[in-house]
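Here's a quick tour of a structure with chains that pack against each other. Have a look at it first, and then we'll walk through the contacts.

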Amino acid sequence: MTARRVLGYGGAVLLAGWILVPIWFVVVGAFSTADAIYGYPLAAWPDWSLESMRFFVTSAGVPEALLSSVIVAVLTGVLTLLLAAPAGYALARFVFPGANAYRLTVLSTRAFPVVVLSIPLAVFFLQWGIYDSVWGVALMHTALALPFVVLMVSAVFAGVPVDLEEAAQVFGCSRSGAFRRAVVPNAAPGLAAAATFAVLLSYNEVFAASILTLQHPTLPVFVLTGLTQAPLPFRYAGALFLLAPAFLFILLIRRRLLGVGGGPTLR
Amino acid sequence: MAEVTEAVRAARTATGERRGGPQRWLPYLLLAPSVAYLLIFFASPMIQAFGLAFTSTTGGWGLESVRAMFGDDRFWPAVWTTLILLVVLLPLQFALALAMSMVITSRLRASGFWLYVFLLPLGVSELGAGILWYSIFVEQGWLNTVLQSLGLIDRPVIWLDYREPWRVIGTIVVAEAWRSTSLIVIILVGGLRAIPRDYLEAADVFHAGPWQRMRHVVLPMMRPTIRTALIVRTVLAFEVFATVVALGGTATDVLATQANRAYTEYQDAHLASAYGLVILLVSLVAVGIILVALPTRKERGQ
């Protein structure tokens, strides 16, 4: 092993530690008793007690908020994919005037902060009667996720060889039949990854959700509003609940995140 | 290949598709739902935001809400804190992200593992990251535990001391550097992978050291990528919110926390929209500055 490789591995381990050690701290905090959490100095190893976690999930409002979060996230994932899949397919398969303008518009939505969007939407939603509902939040989250998911999906479809589709047509499929039988099965994992991205964005989003809800907050909003009075065990267990989906979902979609039109944005 | 294309054309004709027929409209039809959605849920609230900011709770057009915003004691501190966070974070994050991207693109073993770990914070919410770092910086937290066990301090330090704004801002910088560097990593990895191997080999032929290679080959080739990453990161930095609340409580203000407070506490959508427009304005100005300061070759006319 050359000196350069040793340096490379050393750097990699240091950087990984910078990410992983803080996560370990939260795991320890979430799986420790209240006594251990308040007992300074802290132990580097948890006592694997479920006391804090149980305290968190049985706190008034938490189960409802968690359920809201999950419903909103699933709605966002489905809605985003339904809107993005046709658009992504069009971008990947057709050459047409306006394609670049569309791409550019989609990319430029990034410059518009969620703060500007969510407040007028709250006013609209009050008029439409969907303020403080899972639908309102899901509609907002879909607007946030849509631009990036369109680009992700277009990359997915571009990765399915057009020859497959043409072969299916040669063998007698209609255009839609070819799409269903040749494209969908090959694109499915990529489409699932794109939807996962939308789900994760929604589960994590807190600013818009806090503007758009009142009595029915999502989990991050519930934790945020209670933060000033929350005891430490509640905070640490809550943090683990907020972090947990990332461990699985990033593992599933990590390779697809690379190279999506200037990088996708999770909030 | 020509026969296949012919056969496809024949098949399409047989199924009723013709050049210039429905085929021509199909892409627009496919884009329509997403365009309609973005018009309703993106463009229209954006326009409405101006309407809200330039009216007030008493009704009628005017600068009342904007004046109320400028008159707020917390307005300028919030602006400065937002800008300071950006200026301190950008170089720190780019250095970190560049190192991480080098690890991912170098041919070290377990590349999938490094990629996973470096991208993990991308899936972590602002609030989750904020509480995570709170558990480290709180008085009976991890940082004090570690420092004291190393004998560097005698008793716990109050890192989140609200009478010491700089200290609190420092903790927010650390938390944000941890959380949002992944996004830059994703963008930079794309750019690094696009550098042709020949260029790097040429640098080796001329005995360029690692520093020279970075300075004269890698960074110039990465220019457009770095520009994209800068824009994305800058725009998002103006929206920093939950990390600040988790670490700074109600004592530290940034523009987004002010906007949120205007709506959730004062129930004033007009004032909140005025804050939103300030964020939009500084974002657009920052993007403009970056575009002018880092022109691509094409724009420089080379």
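Two residues count as in contact if their C-beta atoms, placed from the backbone, lie within 7 Å. Helices (H or I, at least four residues) and strands (E, at least two) are DSSP runs, numbered from the N terminus. This is a predicted model, where local features need pLDDT of at least 70, side-chain atom pairs count only at pLDDT 80 or more, and totals for chains, interfaces and linings use all residues. Residues are numbered from 1 along each chain as its sequence is written, with chains lettered from A and ligands numbered from 1 in the order in which they are written.

Let's start with helix α5 (residues 111-119) of chain B. B:Trp114, B:Leu115, B:Val117, B:Phe118 and B:Leu119 are buried there (20 or more other C-beta atoms within 10 Å of a residue's own; 12 or fewer is exposed, in between partly exposed). Those buried residues pack against α1 (3-30) and α12 (232-257) of chain A, and against α4 (75-105) and α8 (165-193) of chain B.

Zooming out to the interface, 87 residues of chain B are in contact with 81 of chain A. On chain B's side, helix α2 (residues 22-53) gives the largest share, 15 residues. That side breaks down into 63 nonpolar, 20 polar and four charged residues (Ala, Val, Leu, Ile, Met, Phe, Trp, Tyr, Cys and Pro are nonpolar, Asp, Glu, Lys and Arg charged, and the others, Gly among them, polar).

How do α1(A) and α6(B) pack, at what angle? The angle is about 80°, with the axes 9 Å apart (lines fitted to C-alpha atoms over the stretch in contact, with angles from 0 to 180 degrees between N-to-C directions). The two helices are therefore roughly perpendicular (65 to 115 degrees). A:Pro22, A:Phe25, A:Val26 and A:Gly29 meet B:Leu132, B:Trp133, B:Ser135 and B:Ile136.

Now the core: the largest nonpolar one has 177 residues, and A:Val149, A:Phe197 and B:Tyr275 touch the most other members. Such a core is a set of buried Ala, Val, Leu, Ile, Met, Phe, Trp, Tyr and Cys residues joined through C-beta atoms within 7 Å.

Finally, some spans of chain B that UniProt annotates in an unreviewed entry, as "transmembrane region" or as "domain: ABC transmembrane type-1"; such annotations may be inferred rather than shown by experiment.

| Span of chain B | Helix | Strand | End C-alpha distance |
|---|---|---|---|
| residues 75-101 | 100% | 0% | 37 Å |
| residues 272-294 | 96% | 0% | 33 Å |
| residues 79-290 | 75% | 0% | 19 Å |

Key
Angles under 35 degrees count as roughly parallel, over 145 as roughly antiparallel, 65 to 115 as roughly perpendicular and the rest as oblique.
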